[in-house]
Amino acid sequence: MRVQKECEKDKLIYRIFHPWIQRKNKRKVNEPLVLHELYRNITVLEEQEIKEYMLYMLRLLLRRRFFNMPRAPYCIYREVDKQKPAGTTIYPICLKHALYDLTHKGLFSMKRMNGVLFFSSSL
């Protein structure tokens with residue numbers, strides 16, 4: 001797998017090249033996955049607010065037993081993104097810091113399975 005990162009004026013574009021074949025319109029293709037992230041410089045105060053929100057959401061998911069099964073970071077990001085309030089921007093780097101903070105506190109454990117990192121509840 002390979003990740004290519006492109007910077008445009010107001011967003012980052014990640015292209016994830018993978019070996020899997022997908023069906024698209026009855027054809028088999030090997031197109032990269034494309035993720036868009038809004039890009040803007042955020043202040044330290046905004047970053048702290050976002051991180052606190054991430055910690056809140058991760059604890060909420062933990063109470064809902066979302067992490068009873070091992071979850072990949074991308075699945076966690078999608079779940080947090082689905083539940084965010086309107087007008088809130090989720091930055092993956094803030095989610096990463098929040099996950100590592102809670103792992104350091106002993107709420108999560110990290111596991112590597114088949115070369116992929118997973119987070120699960122350690123309670």
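Phe67 is buried in this predicted model. Its relative accessible area is 0%. Because buried means under 20% relative accessible area, Phe67 falls in that class with its value of 0%. Phe66, the preceding residue in number, is buried as well.

Three aromatic pairs are counted in the model. One of them joins Phe66 and Phe67. The ring centres of Phe66 and Phe67 lie 5.1 Å apart, and their planes meet at 90°. This geometry is edge-to-face. Phe67 also pairs with Phe108. Here the centre-to-centre distance is 4.5 Å and the angle between the planes is 70°. The Phe67–Phe108 pair is likewise edge-to-face, because its planes are 70° apart and the class begins over 60 degrees.

The contact between Phe67 and Phe108 links distant parts of the chain. Phe67 sits in the loop between α1 (44-63) and α2 (73-82). Phe108 belongs to strand β6, which covers residues 108-113. The two residues are 41 residues apart. Phe108 counts as buried, at 4% relative accessibility. Together, Phe66, Phe67 and Phe108 make up one aromatic cluster.

Phe66 has further neighbours beyond the cluster. Arg71 lies over the face of the Phe66 ring, 4.1 Å from the ring centre. Glu79 touches Phe66 too, and it also touches Leu61; residues up to four places away in sequence are not counted here. Glu79 is placed in helix α2. With a relative accessibility of 15%, Glu79 counts as buried. A second arginine placed over a ring is Arg2. Arg2 lies over the face of Phe17, at 4.3 Å from the ring centre.

Arg2 and Phe17 also lead to the sheet. Strands β1, β2 and β5 form an open sheet of 3 strands, in the order β1-β2-β5. The pairing is antiparallel. Strands β1 (2-7) and β5 (33-38) are the edges, and each pairs on one side only. On average, neighbouring strands of this sheet are turned by 20° against each other, direction ignored. Between β1 and β2 (residues 11-17), 6 bridges are found, and the two strands run antiparallel. Across this pairing, Cys7 stands opposite Leu12 in β2.

Key
Residues numbered from 1 in each chain as written. Predicted model: local features only at pLDDT ≥ 70, side-chain atom pairs only at ≥ 80, totals over all residues. Heavy atoms only, no water. Phe/Tyr/Trp six-rings, centres within 6.5 Å; stacked < 30°, edge-to-face > 60°. Buried < 20%, exposed > 50% of the residue type's maximum accessible area, 1.4 Å probe, protein only. Helix = DSSP H or I, 4+ residues; strand = E, 2+ residues; numbered from the N terminus. Lys NZ or Arg CZ within 6 Å of the ring centre and 35° of its normal. Contact = heavy atoms within 4.5 Å. Pairing = 2+ DSSP bridges. Axes fitted to C-alpha atoms, helices over the stretch in contact; angles between N-to-C directions.
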